[in-house]
Amino acid sequence: MKTVKRLTAAIVCVVMVLAFVPSDALAYDSSFSVQTSKSNVDIGEVFTVTVKLDSDKSRVGGLDFRLTYDSAKLEVTETSVGSTGAVLDETLSRPSSGTVMYTASAADYRNGDYLAAGALISVGFRVKSGASGTLGLSLTIDEYYNEDASRNYTYSVKQASVSVISPLVFIDSSSYDLPKMSIDRPIKSKNVSGGVSGGLKPYTFTATGLPAGLTISSGGVISGTPTAMRAPGTATIKVADSSVPQKQQTITINFGEVTEYFPFDDVPDGAWYEASVRYVYSHGLMNGTSGITFSPQVNFSRAMESRILYNHAGLPAVSGSSGFSDVDSGQWYSDSITWASHENIVTGLPNGTFKPFDNVTREQLAVMLYRYARSLGRLPSNTDDLSSFADGASVSDWAREAMEWAVGNGIISGKPGNKLDPRGYASRAEAAKMTMVFCRDVLGE
């Protein structure tokens, strides 16, 4: 048997998100390839490295195969060899820790030539606990061709790189909680994907327990429009990665109450006037200053208060005029002021005007509510002595009886410094609060 000349090719494959890039190395008219069974490898997972010498392209006399690896991070689970051509002799061994060795002779030198030879070598690896980062597998193949050393080739081919799949982590955060919502109002979307790390992307998110109408996208964005009222509660968000088997983690988020439709962005949750604004809006007593604003701190006008009472009365038909020179017909406030005037709920100024756009004072508002209750025959006897307030004596004589009634029934309460502030302007928030207490506690609605 002839001695043969050696040709060397080195291939580096890297493991643990194993992203293999196919490549061949040719030695004269032979070729070999290296493949991995999996592109992603987890701790404890087994994968296979396969080295193939193509018998259709080879004319070699012998072959040495050496695979070196980090034995602290990888362990061999199995080795096997399958020939694909004329092989006279072959062995597969592990001469030392971290090395797998394969040797084969495929020479048939009858008439001075060699038959085509091939080999298929498989090595199984398991990823050890504690392995991390980038791991490497180094493959060296020596091919023997002829006796006279006239053909010497050395190839070193680096294949790919991989990294360990780290544990999947889903960090809970109060920033993912959903505030109070209302029916038919789209929520401000929440993206929970920022709390996820590790595992293998892409991630997939699912949710259970969200209010009706809300969903979570596969990318982790909670959005939608609530469709039904619901008490405050919790929902579970689950993330799964793309590894096999999947890694999963869950968090729990809180969500606020889902109320009736409420469009106002300038009425924050927990504000002292929030419940009042919700009440007057849901009962059709007050509207916003725009589709999304209530303007709670804006002063309330005389025309606005007459409109609240007119709305509460059910928008009764009116005829004739208001009798006020500055109340034109066809305006949004015309019928309400006319009705209030006919019911003796409002009176004008001595000069025959009403001043519909003047700001209403706290004592004026109390008088209008008092007169409206009287027109309904619903005047409770509760009254309160105003002398306990630091400015009780400043209440106008024409408003004193109504103010005593309003304070006694909780419609008006004191301000800081134990003051009634009877001539201070009432804001829209204050008007909403006084109206709610009047309807709920005085009229029992």
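How many salt bridges does a search of the whole structure find? The search finds eleven, and a few of them make good stops on a walk through this predicted model.

Let's start with the strands. Strand β19, which covers residues 233-240, has partners to visit in turn. With strand β16 (residues 204-208) it pairs in the antiparallel sense, over five bridges. To find your place in this pairing, look for Thr208, whose bridge partner in β19 is Thr236. Strand β19 is also joined to strand β20 (residues 248-255), again running antiparallel, by eight bridges. Here a handy landmark is Lys238, which has Thr250 in β20 as its bridge partner. While you look along these strands, keep in mind that side chains in a regular strand alternate between the two faces of the sheet.

Next comes helix α3, residues 334-342. Why can we call this helix largely enclosed by the rest of the structure? Because seven of its nine residues are buried. They are Ser334, Ser336, Ile337, Thr338, Trp339, Ala340 and Ser341. The buried residues of α3 pack against α2 (302-312) and α4 (362-375). Follow the chain just past the helix and you meet Asn344, which takes a positive phi of about 60 degrees.

Now back to the salt bridges. Lys38 and Glu45 form one, with their closest N and O atoms 3.0 Å apart. The two ends differ in setting: Lys38 is partly exposed at a relative accessible area of 32%, whereas Glu45, at 15%, is buried because this value falls under the 20% cut-off.

Another salt bridge brings together the side chains of Arg126 and Glu75, at 3.3 Å from N to O. This pair links distant parts of the chain, since Arg126 sits in strand β9 (residues 119-127) and Glu75 in strand β6 (residues 74-83), 51 residues apart. Arg126 is partly exposed, with 32% relative accessibility, and Glu75 is partly exposed too, with 30%.

Our last stop is the salt bridge between the side chains of Glu430 and Lys415, 3.6 Å from N to O. Glu430 belongs to helix α6 (residues 428-442), while Lys415 lies in the loop between α5 (397-408) and α6, so the pair ties together parts that are 15 residues apart in sequence. Glu430 counts as buried at 15% relative accessibility, and Lys415 as partly exposed at 28%. This pair also belongs to one network, in which salt bridges with shared partners join Arg362, Lys415, Asp421 and Glu430.

Key:
Residues are numbered from 1 along each chain as its sequence is written. This is a predicted model: local features need pLDDT of at least 70, side-chain atom pairs count only at pLDDT 80 or more; totals for chains, interfaces and linings use all residues. Side-chain values use heavy atoms; hydrogens and water are left out. Two strands pair if DSSP finds at least two bridges between them. Helices (H or I, at least four residues) and strands (E, at least two) are DSSP runs, numbered from the N terminus. Buried means under 20% relative accessible area, exposed over 50%, partly exposed in between (1.4 Å probe, protein chains only). Contact means heavy atoms within 4.5 Å. A salt bridge is a side-chain nitrogen of Lys or Arg within 4 Å of a carboxyl oxygen of Asp or Glu.
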